[in-house]
Amino acid sequence: MKKTTILFLLSATLSQVILPVELSAQKKQQPQSNVWSGQVTEWPREIPARIRDGENRDLFVMTLGVVTTPLAQGTFNPVNDQVTLNDGTIIRDYYRDSLGVKFYKPISKEIFRLPPSGLCTWYYYYQHITDREVRLNADWIAENLKSYGAKYVQIDDGWQALSSSGRKGSRDWTGFDPNFSGGMAPLADYIKSKELVPGIWIAPHGQSNAEMVKNNPGVFILKPDGTSPSKTWEGDWLLDPTSEAGKKYFHDLFARMAGWGYEYFKIDGQPIVVDEYAKHSEFMAVPGGAADSLYRSTLDIIRGAIGEKSYLLGCWGLPIEGAGIMDGSRTGGDVVLGWDGFFTALDPTMRSYWQHNIVWYTDPDVMLLRPPLTVEQARVWATLQGLTGQALMSSDRLPDLPAERVEIMRKVYPAVDIRPLDLFPSQGRKRIWDLKINHLGRQYDVTGLFNFNASKPVTLNLNWKELGIETDGPVHVFDYWNGEYMGAWEAGIGLEIMPASVRVLTLVPDNGKIQLVSTSRHITQGWVDLRELRSDEQETVISGVSTLPSGNDYKLYFVCPRGKYYRIRSATAVMEKKRLTVSTISHQGWSEVAFTAPATGDIEWTVSFEPDYAFSYAVRQPDGISVTPDGIDAARVSWRSQYYLNAGYQVYLDEKLLGYTPNSFYEINNLDPLKEYSVDVRTVWDDGTVNQRNQNDTRRYDVSFVLSQLLPGEMYLSEMEWTGSRSWFEWPVTVDGTRHTGSFGMTAGSVRNYQIGGIFNSLSATVAVDDNIRRQRPGQTVVFIIRGDGRELWRSEPVGPDDPAVSFDIPVTGVSSLELAVESGEVSSRSGGLPADWIKPVLKK
């Protein structure tokens with residue numbers, strides 16, 4: 001075993017007290033992984049862009065490969081920071097001025113071609129991580145996940161010295177926790193011996209060691225009396241970025257960690273640093289500097305110490321001032337284990353994904369897959385990562401993950417070269433995520449349908465035109481997580497999504513030929529595994545090359561042109577001239593081929609098809625069609641489930657086909673509540689044949705309705721869909737000791753927008769500050785505001801924690817768009833503050 005000497009040197013000499021000096025083996029270079037992670041497209045290049053929502057406000061769109069789509073409202077040139085809209089309008093300095101990235105420049109992909117994929121220790125071990133556990137997880141990754149693209153092992157908070165009172169979580173970087181008594185350099189060497197990249201966490205601008213501060217004058221910001229003006233989460237003392245001593249200290253801090261062998265640096269608490277520099281510039285060696293410039297100067301020091309080939313991640317909550325220097329940004333807060341914790345990853349994805357793979361790699365925090373998350377909830381979290389391509393760091397104790405959850409994890413590793421089409425912050429929690437892929441001549445969509453509600457199912461519709469799929473013909477639909485073909489259908493599809501779950505559908509327009517519709521290796525279904533794809537002149541033989549990890553149980557899924565049927569005649573797979581065992585299954589209308597990779601590398605495969613018999617059934621007319629309202633602008637159409645065989649149903653609105661559903665109900669959205677509609681339903685077979693009606697049958701099968709006439713006389717806002725900005729925390733509404741249902745809370749700076757269709761006459765509610773008071777400052781108040789179609793309808797007086805509840809009843813006749821807002825009662829106050837409650841807000845006709 002290699003010997004490592006650790007020297008703890010505390011003296012008045014700056015260079016001696018910054019960190020423990022480790023005399024270790026010569027620093028190893030970052031390993032070059034031979035894992036194929038898919039193509040990285042040319043960058044920087046002009047890309048398609050949306051700068052606002054289209055007709056479907058529930059739609060969130062990404063791209064992979066060189067994609068063109070009618071959804072694009074224009075293009076974005078990342079070099080010039082310029083949007084050119086389809087009508088010729090030019091928006092200059094779009095990221096800098098429109099999106100507020102003051103120091104914008106396009107991400108450099110010369111070194112870090114893809115976002116990081118690996119492990120972060122924090123969300124399992126917290127500050128109780130140990131050298132032994134790091135090695136245990138590194139061993140597991142090397143054996144089970146490295147060939148799937150995992151590369152980084154990042155050690156989080158808990159490695160540093162204990163506080164003077166013996167507590168963990170200090171900001172003392174002069175020593176090591178007893179659990180790392182062997183030092184950090186040997187651990188980095190061990191991680192590298194597994195051909196992985198070691199990473200380390202630090203809150204570098206802070207310090208909590210009083211002796212260290214005393215012995216190193218000029219390093220930290222001090223008031224004239226020698227006390228610290230800045231005592232925050234970052235530390236009891238804060239780096240002075242203007243002093244020469246401070247600059248040297250900061251450089252040496254990172255140079256030592258780099259010398260230990262770490263090549264991934266997660267720097268925490270960064271927004272705090274910027275705020276504190278703005279507050280305390282007067283106490284710096286050189287006072288008066290701009291906070292963002294002072295902060296960026298510290299990042300330049302870090303970069304100079306660690307070099308361009310080390311990854312720098314800024315954390316947490318979007319330290320936007322680091323753009324152009326940092327490689328990645330943790331765009332939200334800390335997740336927690338359980339379904340509620342998932343939203344801490346979802347919400348910053350909605351708000352900040354427009355930065356990803358354009359400004360830097362966004363990091364919505366780690367992916368958790370372990371119980372108490374259900375398997376379905378684990379799939380939801382994995383799908384968030386897989387469809388966005390953001391930084392992908394697991395934080396479970398990996399050797400303990402059940403096999404089913406390991407398989408879920410492998411299907412989204414590694415993060416690939418996905419970037420947004422939507423170059424704007426998304427409002428609300430969008431439920432339809434559409435990833436458009438162009439690869440090897442295959443142009444297809446991988447679409448996630450999410451239900452974020454843990455208590456009830458929802459019905460979501462995909463409309464091919466709204467997704468930018470330009471075809472009047474059928475589109476093949478494949479369910480990725482369940483490995484099931486759902487048929488080929490015109491216009492769209494409607495599906496019921498169970499609580500806290502997701503359906504991932506692959507959408508491929510039917511081209512009249514046998515087509516590869518999906519592969520099992522990765523959620524992108526071909527991007528990281530397919531190297532080659534071809535077919536013969538008769539188009540009954542399809543062959544290709546797939547690059548697979550060792551032991552991967554791989555499946556290829558093929559679909560027939562609708563109404564034509566083929567079965568597999570033969571299938572072969574060869575690796576290094578050795579034939580593999582191949583199994584095949586031919587279903588009606590689709591087929592699957594399966595084999596296992598004996599080693600990591602390329603496998604050549606060939607599948608030939610021959611015509612096949614198909615069973616058909618004369619489907620019958622459904623009956624019992626009824627319509628019920630589902631909110632202001634949506635209706636649920638239902639009918640009696642059929643006794644006899646069918647493949648599903650097609651729904652028509654005013655004689656126009658809306659789409660297919662396998663269920664006996666269908667959700668129709670975006671209705672005018674004052675307009676009369678006619679809805680019809682037909683039963684369909686898998687070849688597209690619908691039930692026939694007797695020409696002599698005089699019965700009327702369609703149903704007419706006006707949505708506003710079906711709505712109840714009262715509707716609570718708490719039960720209605722809304723868009724807008726969410727509060728930074730949520731709580732059960734409680735005022736004067738009474739808990740209120742049918743109510744909700746907001747914080748200053750948040751808004752809720754409701755589309756109410758002009759069909760109500762009044763809105764009434766009671767407003768108050770919640771009993772759950774957080775971060776209260778003396779005299780703090782909030783103001784409640786209601787707007788209708790952009791016009792202010794009502795505004796409360798400032799309401800504080802000790803003020804009585806305020807009731808109101810205001811007219812909203814003719815109002816189509818209703819906005820509820822909460823503002824701080826103090827002009828200078830930031831968003832957050834008091835929890836402001838809307839108690840039982842109700843609309844009445």
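Helices (H or I, at least four residues) and strands (E, at least two) are DSSP runs, numbered from the N terminus. Residues are numbered from 1 along each chain as its sequence is written. You are looking at a predicted model, where local features need pLDDT of at least 70, side-chain atom pairs count only at pLDDT 80 or more, and totals for chains, interfaces and linings use all residues, while side-chain values use heavy atoms, with hydrogens and water left out.

**Exercise 1: a glycine in a loop**

Find where G737 lies, and decide whether G737 is buried or exposed.

Solution.
- Step 1: look between β44 (734–735) and β45 (738–739); the loop there holds G737.
- Step 2: recall the cut-offs: buried is under 20% relative accessible area, exposed is over 50%, and partly exposed is in between (1.4 Å probe, protein chains only).
- Step 3: G737 has a relative accessible area of 63%, so it counts as exposed.
- Step 4: now check D771, which is 34 residues from G737 in sequence, yet their C-alpha atoms are 7.2 Å apart in space.

**Exercise 2: the eight-strand sheet**

Work out the strand order of the open sheet of eight strands, and which strands stand at its edges.

Solution.
- Step 1: strands pair if DSSP finds at least two bridges between them.
- Step 2: follow the parallel pairing across the sheet and you get β16-β15-β14-β13-β10-β9-β8-β17.
- Step 3: β16 and β17 (392–394) each have a single partner strand, so these two are the edges.
- Step 4: on average, neighbouring strands here are turned by 25° against each other, direction ignored.
- Step 5: zoom in on one pair: β9 (residues 152–155) and β10 (residues 197–202) run parallel and share four bridges, with Y152 opposite V197.
- Step 6: add helix α5 (residues 185–193), which packs on the sheet and touches β9 and β10 (contact means heavy atoms within 4.5 Å). The direction of α5 makes about 145° with that of β10; axes are lines fitted to C-alpha atoms, for helices over the stretch in contact, and angles run from 0 to 180 degrees between N-to-C directions.

**Exercise 3: the five-strand sheet and a hairpin**

Which strands are the edges of the sheet β43-β47-β52-β49-β50, and what is the bridge partner of V751?

Solution.
- Step 1: this open sheet of five strands has antiparallel pairing.
- Step 2: β43 (723–725) and β50 (791–795) pair on one side only, which puts them at the edges.
- Step 3: from one strand to the next, the twist averages 20°.
- Step 4: five bridges join β47 (residues 751–755) to the antiparallel β52 (residues 817–824), and V751 has A821 as its partner.
- Step 5: for another antiparallel pair, try β35 (residues 626–629) and β36 (residues 635–638), joined by four bridges. S626 is partnered with S638, and the two strands form a hairpin with five residues between them. In its turn, G631 has a positive phi of about 95°.

**Exercise 4: checking a helix**

Why does the span of helix α10 (residues 339–352) agree with expectation, and how many of its residues are buried?

Solution.
- Step 1: the expected span of a helix is 1.5 Å times one less than its number of residues.
- Step 2: for the 14 residues of α10 that gives 20 Å, and the end C-alpha atoms are 21 Å apart, so the two agree.
- Step 3: 11 of the 14 residues are buried, so to speak the covered part of α10; among them are W339, F342, F343 and M350.
- Step 4: the cover includes β4 (59–64), β16 (361–363), α11 (375–388), β19 (432–439) and β20 (442–451).

**Exercise 5: two buried residues**

What polar contacts do H476 and S501 make?

Solution.
- Step 1: a polar contact is a pair of N or O atoms within 3.5 Å; within protein, one must be able to donate a hydrogen and the other to accept it, and residues adjacent in sequence count only if both atoms are side-chain atoms.
- Step 2: H476 is in strand β22 (residues 475–479) and counts as buried at 0% relative accessibility. The side chain of H476 meets the side chain of Y485 in a polar contact (2.7 Å).
- Step 3: S501 is in β25 (residues 501–509) and is buried too, at 5%. A polar atom of the S501 side chain lies 2.6 Å from the backbone oxygen of M498.
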